[in-house]
Amino acid sequence: KSEEPAPVLTCVALSAILTIAMEDAGLEGTGIKLVRDIPARFVLTVDADQLQRILVNLIRNAAQAIQTDPARKHERAVRGVIRISAHAEADDSTVVLRISDTGPGIPSRLAERLFEPFVSGGSSQGTGLGLTIARELAANHGGSLSLVETGPTGTTFELRLPHAA
């Protein structure tokens with residue numbers, strides 16, 4: 001059973017949650033560019049704090065992947081890009097958020113166990129619980145979090161949440 005509290009749903013602007021999540025993830029001064037590809041005034045009915053936690057975990061992981069990529073070590077200006085996109089599916093029942101990075105990808109030995117507790121990409125900064133918690137929070141909303149693709153040019157996660165009108 002879930003350890004996280006049940007979500008308290010309110011109608012919130014995704015851009016506002018994203019701004020707070022970016023600050024909490026500590027991107028400032030990293031040389032990582034965040035690109036938002038979300039419609040203007042895009043609103044969701046979610047637990048704002050829980051969505052923020054999901055986004056912080058995903059953004060922080062993406063930033064760490066970019067920062068620890070040996071191929072980017074000497075780049076000065078933009079070391080990498082994290083792109084966040086959002087759209088409602090055609091039937092308007094589901095909101096899809098995609099979080100992509102230009103990091104080195106996730107090794108296949110880790111990719112299949114990524115959402116298990118204490119599995120980490122090797123960064124000494126994390127506990128290996130971020131993705132486990134993020135997936136649990138998504139499930140508490142009736143949604144899902146999955147790894148869509150990973151490779152030498154980056155990684156993409158997809159967060160799917162019910163879209164209440």
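This text leads the reader through the fold, the helix packing, the aromatic pair and the salt bridges of the structure above.

The model is predicted. Its protein chain contains 4 helices and 7 strands. Followed along the sequence, these elements come in the pattern β-α-β-β-α-β-β-α-α-β-β. The protein chain has 165 residues, and 41% of them count as buried. Contacts can also be sorted by how far apart the partners lie in sequence. Among the contacts in the protein chain with a separation of 6 or more, 67% are made by residues 24 or more positions apart.

The helices offer a suitable place to begin. Two packed helices are described by the angle between their axes and by the distance between those axes. Here, helix α2 (residues 48–67) packs with helix α4 (residues 130–140) at an angle of about 145 degrees, and the two axes are 9 Å apart. The crossing of α2 past α4 is left-handed. On the side of α2, the residues that take part are Gln50, Arg53, Ile54, Asn57, Leu58 and Asn61. They meet Gly130, Leu131, Ile133, Ala134, Leu137, Ala138 and Asn140 in α4. By character, the residues of this contact divide into 7 nonpolar, 5 polar and 1 charged.

Helix α2 also holds Gln52. Is this residue buried or exposed? Gln52 has a relative accessible area of 15%, and it is therefore buried, since the limit is under 20%. When residues up to four places away in sequence are not counted, Gln52 touches Ile17, Ile20, Ala21 and Asp24.

The next feature is an aromatic contact. A search of the whole structure finds 1 aromatic pair. The ring centres of Phe115 and Phe157 are 6.2 Å apart and the ring planes stand at 90 degrees, so the pair is edge-to-face. Phe115 belongs to the loop between α3 (108–111) and α4, while Phe157 belongs to strand β7, so the pair ties together parts that are 42 residues apart in sequence. Both Phe115 and Phe157 are buried.

Charged side chains form a further set of contacts. How many salt bridges does the structure hold? There are 4 salt bridges. One of them joins Glu158 to Arg98, with the closest N and O atoms 3.0 Å apart. This pair links distant parts of the chain: Glu158 lies in strand β7 (residues 154–162) and Arg98 in strand β5 (residues 94–101), 60 residues apart. The two partners can also be described by their accessibility. Glu158 counts as buried because its relative accessibility is 11%. Arg98, by contrast, has a relative accessible area of 30% and is partly exposed.

Glu158 also meets Arg160 in a salt bridge, with an N to O distance of 3.4 Å. Arg160 counts as partly exposed, at 24% relative accessibility. Which residues are joined into one network by salt bridges that share partners? The network consists of Glu89, Arg98, Glu158 and Arg160.

Another salt bridge is formed by the side chains of Glu116 and Arg113, at 3.3 Å from N to O. Glu116 counts as partly exposed, with 37% relative accessibility. Arg113 is likewise partly exposed, with a relative accessible area of 39%.

Strand β7 thus appears in two parts of this account. Its residue Phe157 takes part in the aromatic pair, and its residue Glu158 forms a salt bridge with Arg98 in strand β5.

Definitions and conventions. Residues numbered from 1 in each chain as written. Predicted model: local features only at pLDDT ≥ 70, side-chain atom pairs only at ≥ 80, totals over all residues. Heavy atoms only, no water. Buried < 20%, exposed > 50% of the residue type's maximum accessible area, 1.4 Å probe, protein only. Axes fitted to C-alpha atoms, helices over the stretch in contact; angles between N-to-C directions. Left-handed = near helix turned anticlockwise from the far one by under 90°. Contact = heavy atoms within 4.5 Å. Nonpolar A, V, L, I, M, F, W, Y, C, P; charged D, E, K, R; others polar. Phe/Tyr/Trp six-rings, centres within 6.5 Å; stacked < 30°, edge-to-face > 60°.
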